[in-house]
Amino acid sequence: PVAFWAFRNNMQENTMGIFTLAAVWFILRGLITGRQLYLNLAAGGVMIFLASFSKGVPGLFPLAVPFWWWVTRRGVPFARVVVWTSVLLLIPAAIYALLMLHEPARLSLTHYAQARLLGRIHDAHTVEYRFHIVLRLLQELLVPLALTLVMLVMFRLRRIPNRIDSAWRSNMILLLLTGLSGSLPLMLTLVQKAFYFAHALPFFGLGLAMAIALGTTCLISGIRTGRRPFKTFTVITAVILAGVIVFSMMQHGKYIRNKELLEDVYRLGEVIAPRSLISIDPEMWNQWDLQCYLVRHFNISADPGDTMHPWYLRNKSTMENTPEGYLKTDVNLNLYSLFIQTGK
């Protein structure tokens with residue numbers, strides 16, 4: 001269920017998940033084929049940087065893939081694992097080092113590390129015990145696990161071949177362990193929400209799919225596409241697909257959540273030029289939904305610092321005194337008051 005929720009609400013884990021999947025693909029491509037190993041590892045390192053640049057520390061978990069490769073295979077020298085992991089780590093470390101030489105980037109990354117990462121871990125607990133995330137993960141994987149078990153039992157009863165060799169089994173276990181690497185580290189803090197491991201779910205899906213892939217292939221090969229039941233099934237599927245598309249189009253312009261907030265964002269986008277930087281009340285620095293909507297729809301960034309920008313935004317619930325150097329506008333907003341800098 002959390003996968004549907006995360007994609008419907010366009011969470012950052014979706015973007016990070018693209019890069020973590022790509023990172024693991026490059027790493028395994030190099031390790032499995034043995035060709036252009038270090039080029040693939042370097043590409044994996046770039047993807048790890050992009051993943052961490054999307055959502056921070058959680059994007060680093062593909063660094064564990066070489067270790068799981070060593071665990072699931074015998075005869076691989078551990079020294080090689082250290083070298084492979086060092087290559088993967090060196091790429092994002094070098095990129096971050098270069099970014100830190102640029103003052104605006106350094107200030108942004110420092111603010112993230114101190115206020116967002118360490119500050120939230122210390123002060124913004126969302127659960128009471130560390131194993132909460134394990135229970136949530138089991139809940140989310142309950143249906144895939146049940147379906148996999150049903151398929152395996154069916155293969156056994158119908159004597160459908162589903163034997164997997166050691167290499168296949170090793171890759172399957174490696175993917176499942178990679179999924180655990182992307183989810184179980186959340187236990188290290190008490191800041192835990194189910195969508196925080198959305199980027200790890202594809203690896204569980206791939207691992208479970210490998211457990212039934214060979215048997216499913218045998219089932220599919222036995223389907224007679226020329227018979228009436230298959231044609232009827234195809235027609236029904238096409239009708240359902242068309243219905244889903246029509247229903248989705250009918251949802252355009254409707255609000256599922258944050259109706260008043262989104263209405264305010266659209267009104268602000270009509271007044272403030274794209275790619276503008278606006279000042280906001282320092283108490284609003286952690287209103288990420290407002291800031292992300294502004295960036296997503298109009299490329300408008302919000303600055304809670306002391307620098308005065310042409311526009312100033314604050315909550316309506318705040319005292320209605322006009323901030324120094326600004327005049328209140330007549331822009332009608334639901335939740336906020338908009339001010340313009342004097343002389344602008």
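**Figure 1. Helix α2 of the predicted model and the glycine that follows it.** Helix α2 gives way to G34, a residue whose phi is positive, near 80°. The model shown here and in the views below is predicted. Helix α2 covers residues 12–33 and holds 22 residues; at 1.5 Å a residue it should span 32 Å, and its end C-alpha atoms do lie 32 Å apart, so the expected and modelled lengths agree. The buried residues of this helix are E13, N14, M16, G17, T20, A23, V24, F26, I27, L28, G30 and L31. These buried residues pack against α1 (2–8), α3 (37–55), α4 (65–72) and α5 (78–100), and also against α8 (166–181) and α9 (201–221).

**Figure 2. Surroundings of G59 in the loop between α3 and α4.** G59 belongs to the loop that joins α3 to α4. Is G59 buried or exposed? Its relative accessibility is 0%, and G59 is therefore counted as buried. When residues up to four places away in sequence are set aside, G59 touches M16, T20, I48, A51 and S52. Two of these partners, M16 and T20, are also listed among the buried residues of α2. N321 is 262 residues away from G59 along the chain, and the C-alpha atoms of this pair are separated by 43 Å.

**Figure 3. G45 in helix α3 and its contacts.** G45 is part of helix α3. The relative accessible area of G45 is 0%, which means that the residue is classed as buried. Which residues does G45 touch, not counting residues up to four places away in sequence? They are L88, I91 and P92. For P92, the C-alpha to C-alpha distance from G45 is 6.1 Å, although 47 residues separate the two in sequence.

**Figure 4. L109 in helix α6.** Helix α6 comprises residues 103–123, and L109 is found within it. Leaving aside neighbours within four places in sequence, the contacts of L109 are with F53, Y96, L99 and M100. L99 lies ten residues from L109 along the chain, and their C-alpha atoms are 8.8 Å apart.

**Figure 5. Helix α11 and the elements packed against it.** Helix α11 (259–271) contains 13 residues and reaches 19 Å from its first C-alpha to its last, a value close to the 18 Å expected at 1.5 Å a residue. Its buried residues are L261, L262, E263, D264, V265, L268 and G269. The packing partners of these buried residues are helix α12 and the strands β3 (311–315) and β5 (336–341).

**Figure 6. Two loop residues with positive phi, R275 and N299.** R275 is placed in the loop between α11 (259–271) and β1 (277–280). Its phi is near 65°, a positive value in a residue other than glycine. With a relative accessibility of 68%, above the 50% limit, R275 is counted as exposed. N299 occupies the loop between α12 (288–298) and β2 (301–303). N299, likewise a residue other than glycine, has a positive phi, near 55°. Its relative accessible area is 37%, so N299 is classed as partly exposed.

**Figure 7. Cysteines C218 and C292.** How many disulfides does a search of the whole structure find? The search finds zero. C218 has a relative accessibility of 33% and therefore counts as partly exposed. C292, with a relative accessible area of 36%, is likewise partly exposed.

**Figure 8. The chain as the setting for the close-up views.** The chain contains twelve helices and five strands. Its C-alpha atoms fill a box of roughly 80 × 60 × 40 Å, taken along the principal axes. Of the 344 residues in the chain, 37% are buried. Among contacts with a separation of 6 or more, 70% join residues 24 or more positions apart. The chain exposes about 20900 Å², of which carbon and sulfur atoms supply 66%. There are 32 positive and 18 negative charges, and the mean positions of the two sets are 24 Å apart.

Conventions: Residues numbered from 1 in each chain as written. Predicted model: local features only at pLDDT ≥ 70, side-chain atom pairs only at ≥ 80, totals over all residues. Heavy atoms only, no water. Helix = DSSP H or I, 4+ residues; strand = E, 2+ residues; numbered from the N terminus. Contact = heavy atoms within 4.5 Å. Disulfide = S-S within 2.5 Å. Buried < 20%, exposed > 50% of the residue type's maximum accessible area, 1.4 Å probe, protein only. Expected span 1.5 Å × (residues − 1). Areas by Shrake-Rupley, 256 points an atom, 1.4 Å probe, with all protein chains shown as cover. Lys, Arg positive; Asp, Glu negative; His and termini not counted. Charge placed at Lys NZ, Arg CZ, Asp CG, Glu CD.
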